[in-house]
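Work through the exercises below with the model open. Each task is followed by a solution in steps.

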Amino acid sequence: ARHTYSIRPSSRRFAPQTMGDEDFQGGASGASQTYPQQCSALRKNGNVMLKGRPCKIVEMSTSKTGKHGHAKVHLIGIDIFTGKKYEDICPSTHNMNVPNVSRKDFQLIDVEDGFLSLMEDGGDVRADIKKPANELGDQIQSKFDAGESFMVTILAACGDEAAVGIKNMADK
């Protein structure tokens, strides 16, 4: 004889769950720092995560493999923040993470203690970007000391931000 059992919602007791018990580390915008893209769809001068770092692809080559193997893609990239070179090889059918990279121009207000004070278009001021320790940093300092007003381009990816360029302000 076959028995069918029905479970009524009231017959089972569960521990009450309250929202807010979980501890999430939320980002500012809720947007993901990377997104997946198939290896074969990556292009030179595009961006990709290599060894956990956001890199710009400077060279890539595809190799055919044996009878039942996968074609492999050899990627060489340069870290967009440090300039360090990274390499990786992955099957062309696999996904690689691509960093969400954003560029934004800010007006330079002040250079103090190695940090740049920058103003957004909306008038918000931020002073959390370090002055680059290279020629660009020296160029920013000398232009600022000369009293010139100019824009600083900030590159942001994977929680890192850095000044990557300067341009003169358009005359208003």
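Accessible areas come from the Shrake-Rupley method with a 1.4 Å probe, and for residues only the protein chains shown count as cover. The model is predicted: local features need pLDDT of at least 70, side-chain atom pairs count only at pLDDT 80 or more, and totals for chains, interfaces and linings use all residues. Residues are numbered from 1 along each chain as its sequence is written, and side-chain values use heavy atoms, with hydrogens and water left out.

**Exercise 1.** State the accessible surface of the chain and the share of residues that count as buried.

Solution. Step 1: the surface comes to about 12,500 Å², and carbon and sulfur atoms hold 48% of that area. Step 2: apply the burial classes, where buried means under 20% relative accessible area, exposed over 50%, and partly exposed in between (1.4 Å probe, protein chains only). Step 3: 26% of the 172 residues fall in the buried class.

**Exercise 2.** List the helix and strand content, then describe the pairing of β7.

Solution. Step 1: take helices (H or I, at least four residues) and strands (E, at least two) as DSSP runs, numbered from the N terminus. Step 2: the chain then has one helix and eleven strands, in the order β-β-β-β-β-β-β-β-β-α-β-β. Step 3: count two strands as paired if DSSP finds at least two bridges between them. Step 4: β7 (residues 102–112) runs antiparallel to β10 (residues 150–157), with six bridges; here Phe 106 is opposite Val 152. Step 5: β7 is also antiparallel to β8 (residues 115–119), through five bridges, and Val 111 is opposite Leu 116. Step 6: two residues lie between the strands in the hairpin of β7 and β8, where Asp 113 has a positive phi near 55°.

**Exercise 3.** Find the disulfide and explain why Cys 55 is not bonded to Cys 158.

Solution. Step 1: search for pairs of cysteine sulfur atoms within 2.5 Å. Step 2: the count is one disulfide, between Cys 39 and Cys 90, with an S to S distance of 2.0 Å. Step 3: this pair links distant parts of the chain, 51 residues apart, with Cys 39 in the loop between β1 (34–38) and β2 (47–50) and Cys 90 in β5 (residues 85–91). Step 4: the torsion about the S-S bond of Cys 39 and Cys 90 is about -100°, so the disulfide is left-handed. Step 5: both Cys 39 and Cys 90 are buried. Step 6: the closest cysteine sulfur to that of Cys 55 belongs to Cys 158, and no bond is possible because 9.6 Å is too far. Step 7: Cys 55 is buried because its relative accessibility is 0%, while Cys 158, at 23%, is partly exposed.

**Exercise 4.** What lies around Asn 97?

Solution. Step 1: place Asn 97 in strand β6 (residues 95–99). Step 2: with a relative accessible area of 40%, Asn 97 is partly exposed. Step 3: define contact as heavy atoms within 4.5 Å. Step 4: leaving out residues up to four places away in sequence, Asn 97 touches Thr 34, Tyr 35, Pro 36, Val 48 and Met 49. Step 5: the C-alpha atom of Asn 97 is 8.4 Å from that of Leu 50, 47 residues apart along the chain.

**Exercise 5.** Which ring has the charged end of Lys 143 over it?

Solution. Step 1: require NZ of Lys or CZ of Arg within 6 Å of the ring centre and within 35 degrees of the ring normal. Step 2: the ring is that of Phe 150, with the charged end of Lys 143 at 5.6 Å from its centre.
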